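Visitor: I am new to reading protein structures, and I would like to understand the reasoning behind the words people use for them. Could you take me through this one with care?

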Protein chains: 2
Amino acid sequence: MNSDRPSVSERVAQQLAGLLQDGSYDRVKHLLEPLQPVDIAEAIGTLPTAQQALGFRLLSKDLAIEVYEDLEPLVQQALLETLRSNEVLEVVEQMAPDDRVRLFDELPAKVVRRLLQQLSPEERRVTAQLLGYASGTSGRLMTTEFIALKQQQTVAEALNVVRRRARETETVYALYVTDGFSHLTGTLSLRELVTAEPDLLVAEAMTREVVSLTTEVDQEEAARLIQRYDFLALPVVDREGRLVGIITVDDVIDVIEQEATEDLYAAGGIQTTDEDDYFQINLLQVARRRLVWLLVLLLANVGTASVIAAQGAVLSRYVSLAAFIPLLIGTGGNVGAQSSTVVIRGLSTKRIQAIGAWQSVLRESAAGALLGLLLSVIVSLVAWILGYQQQVALAVGGSLLAIATMAATAGSLLPLLFRRLGFDPALMSAPFITTVVDVAGVFVYLQLASTLLLPPT
Amino acid sequence: MNSDRPSVSERVAQQLAGLLQDGSYDRVKHLLEPLQPVDIAEAIGTLPTAQQALGFRLLSKDLAIEVYEDLEPLVQQALLETLRSNEVLEVVEQMAPDDRVRLFDELPAKVVRRLLQQLSPEERRVTAQLLGYASGTSGRLMTTEFIALKQQQTVAEALNVVRRRARETETVYALYVTDGFSHLTGTLSLRELVTAEPDLLVAEAMTREVVSLTTEVDQEEAARLIQRYDFLALPVVDREGRLVGIITVDDVIDVIEQEATEDLYAAGGIQTTDEDDYFQINLLQVARRRLVWLLVLLLANVGTASVIAAQGAVLSRYVSLAAFIPLLIGTGGNVGAQSSTVVIRGLSTKRIQAIGAWQSVLRESAAGALLGLLLSVIVSLVAWILGYQQQVALAVGGSLLAIATMAATAGSLLPLLFRRLGFDPALMSAPFITTVVDVAGVFVYLQLASTLLLPPT
């Protein structure tokens, strides 16, 4: 699954540190220039803080900005403090607006205010606009650097616009057409532009059916659209239909990965926030992120303890009943976890919506019952072979069937219910389902055992 | 998280069914032509099988091929059976090679052989080549449709090549330069080509440092590279360095999503295979995919049962001990699940490799001990308040600390160990860790309780 060859940046990092130490600055330039910005960024990130600024200053201006955009947030901040303020300003002024906003999200408010004041009016306007959209929306994700063509331009004129603006915009492959009021009226790919007759009008060459979204739409929706249509970019419009930005495929890949990580962390009972990286936070923050869930589950398990304590009568007479408690709640938890995993992932990838919610719950319940039946036959046999009393074996088998069916139903129903109520379905993920099923499962088991084993009162 | 407005294809599907029923074929064409291929594919997919071929035949030839590529595998197969064999051949012949290979993967071997024989020699050669690479490799994922330029061409000549081949290749934005022996020597983006001086040579305009990979490299590695470098495509070379194909960003998005789903399913204890879609398989297949894990976990839990049965002496004297078993193993399982989730995801996204394996285990163990300490204080207090004996409260608190530390250590160590041994670390995911921790946790708890509560023998 994972290859372990040393990455480009690891190899470079070692050479880089040595060359900087020796003061061989020309050789540093020679080493770095041909590399990809992200590899340079990673190599610089591994240097001691004092050397980072030195290595960074040796980059050509254009490359420096690309490298800066690719640095880890912590290194970006460290550099902001080490570089002279005019150097800082130069970098921040030239950054792509969306990358700049992501940097500002990480910085202390005071630093952001100071930097904002020093930006040129145009860059300040754009940045303030992006910062104005809520985190996690398409407005926040988009860049304001795009090429807008006019309908009455010829294809040849449009190509000239592309040539002129190619260096400064994030993509030249997706082009957008606006009318005199900035309303988005069409779209054109560079592929179409290059192959069209030079004196055709843009209005004739463009596609009028444009898939677009508004600034407040969730960034995950933007990711879904780009993935669905195999687009390289997606236009974002304001409520009046004016083109205000575009979202590019590279940003969307990161959103998809982040979304997957969130789903997975939710399944593992770890709180996530949009902004930061689990592997960069300290131990206390790690503990805090997990403690909430553990406490909720712990208190729910106090419920299980009470259920068991209430059935002291049957337990003290048949101690062997206790031996099967972990098995029953473990299996219930596992079946429930499977169902909730399938449903939560299905909601994220929009597969559930295609089959229908009720259909999915029904399917999971049926699967749970089927699995419960198979497992209860096996367990009853094992218990009987190991020499447990027949009634104990019967109570274990019977309750296992009930628990598996219940677990699968709860595991699929609760996330869907949560979503219907407007909450994040991932909150109803494996750890929570497991605990709910624990309490109910123990209750069913001991109740059934009492009925089978205790004399009627 | 998810918006619920009816999708384009849902709206279209209803109209489409009605129009086909009425025989208004012109209006069908009018309805479908302006839509995105994937929307048309989804709308056709919802039609009854008999109408699917009818709707499909009304598409223009170019559009029909794009739509066919976007159909669900089951619909693709149904159409293969309904369409006349010359119609089938026309579609299959024109499909992009990578999409064709994905279709062939789903079809019965007999059908594939027949179709392969009928393809033109060139398409047959390309398809056989792709089918020769193992599933899940870059060779299998790539397309053989790319534009290769020559070093001695001028920029103007190269642009003419692009114009001529724009319709038939998957991307025109990433261009590759080869020497007389098809060796990859450089790369050039259409952006660079459009902005370069027309009489410059390709050899002068191109970038010589090319990130490429070989056909046998895992497709997830290809996805990581495209994500890391924000590429639109990545060249694939054979062992001799000859350019044989390219991987495009849209295919990579699907790989990233599939990888995330696999991680998540592993965390939920569900087997996955590369090929098929959980939501399309039948109930028996669903049960089979889950049963293996459930059985393994069930048998492991028989171990827990034996541990408990062996401690019958202390349990029969202090029945209240049984009440805390679910709480202890539940918490242990949850802590272990958190650690294994973090480590397995970290391995997939390559974050663990950046901090180092031992460092990660140490971090998780420390977090586990810290969480265990907090929780054991809380639980001991709760137990004491609820009126349990002091020794019971002490046994519960003490074993909780031990269990949490152990669970976090096992949860982080086992996936890393599995990976070192060459297995998939995701096999050591939440359900398995939970069960391992169950057995060990119950043992620690009851052993401690015996020591505290039973008179020395």
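**Reading a predicted model**

Guide: In this predicted model, residues 291-315 of chain A form a span that is 96% helix and 0% strand, with end C-alpha atoms 32 Å apart.

Visitor: What makes residues 291-315 of chain A a "transmembrane region"?

Guide: The name comes from UniProt, where an unreviewed entry lists residues 291-315 of chain A under that label, together with 321-344, 365-386, 392-418 and 430-454. For residues 365-386 of chain A, the end C-alpha atoms lie 31 Å apart, and the span is 95% helix and 0% strand.

Visitor: How do you know what kind of axis relates chain B to chain A?

Guide: A turn of 180° with a shift of 0.0 Å along the axis lays chain B on chain A with an RMSD of 0.2 Å, and that is the relation of a two-fold axis. The same surface serves both copies, since 100% of the contact residues of chain B recur in chain A.

Visitor: Why is the space of about 390 Å³ called a cavity?

Guide: A cavity is a set of points where a 1.4 Å probe fits but cannot get out, and the largest one here holds about 390 Å³ of space. Among the 33 residues that line the largest cavity, those closest to its centre are A:Asn334, A:Thr434, B:Gly333, B:Asn334 and B:Thr434. Helix 20 of chain B gives the largest share of that lining, 8 residues.

Visitor: What is the character of the residues in that lining?

Guide: The lining of the largest cavity divides into 15 nonpolar, 16 polar and 2 charged residues.

Note on methods. Residues are numbered from 1 along each chain as its sequence is written. Chains are lettered from A and ligands numbered from 1 in the order in which they are written. This is a predicted model: local features need pLDDT of at least 70, side-chain atom pairs count only at pLDDT 80 or more; totals for chains, interfaces and linings use all residues. Side-chain values use heavy atoms; hydrogens and water are left out. Copies are superposed by least squares on the C-alpha atoms of residues with pLDDT of at least 70 in both. Contact means heavy atoms within 4.5 Å. UniProt positions are given in the numbering used here, feature names are shortened, and annotations may be inferred rather than shown by experiment. Helices (H or I, at least four residues) and strands (E, at least two) are DSSP runs, numbered from the N terminus. On a 1 Å grid over the protein atoms alone, a cavity is a set of points where a 1.4 Å probe fits but cannot get out, and a pocket is an open set with protein on both sides within 12 Å along at least five of seven lines; lining residues have an atom within 4 Å of a point. Grid points are joined across faces, edges and corners, and a volume is the space filled by probe spheres set on the points. Ala, Val, Leu, Ile, Met, Phe, Trp, Tyr, Cys and Pro count as nonpolar, Asp, Glu, Lys and Arg as charged, and the others, Gly among them, as polar.
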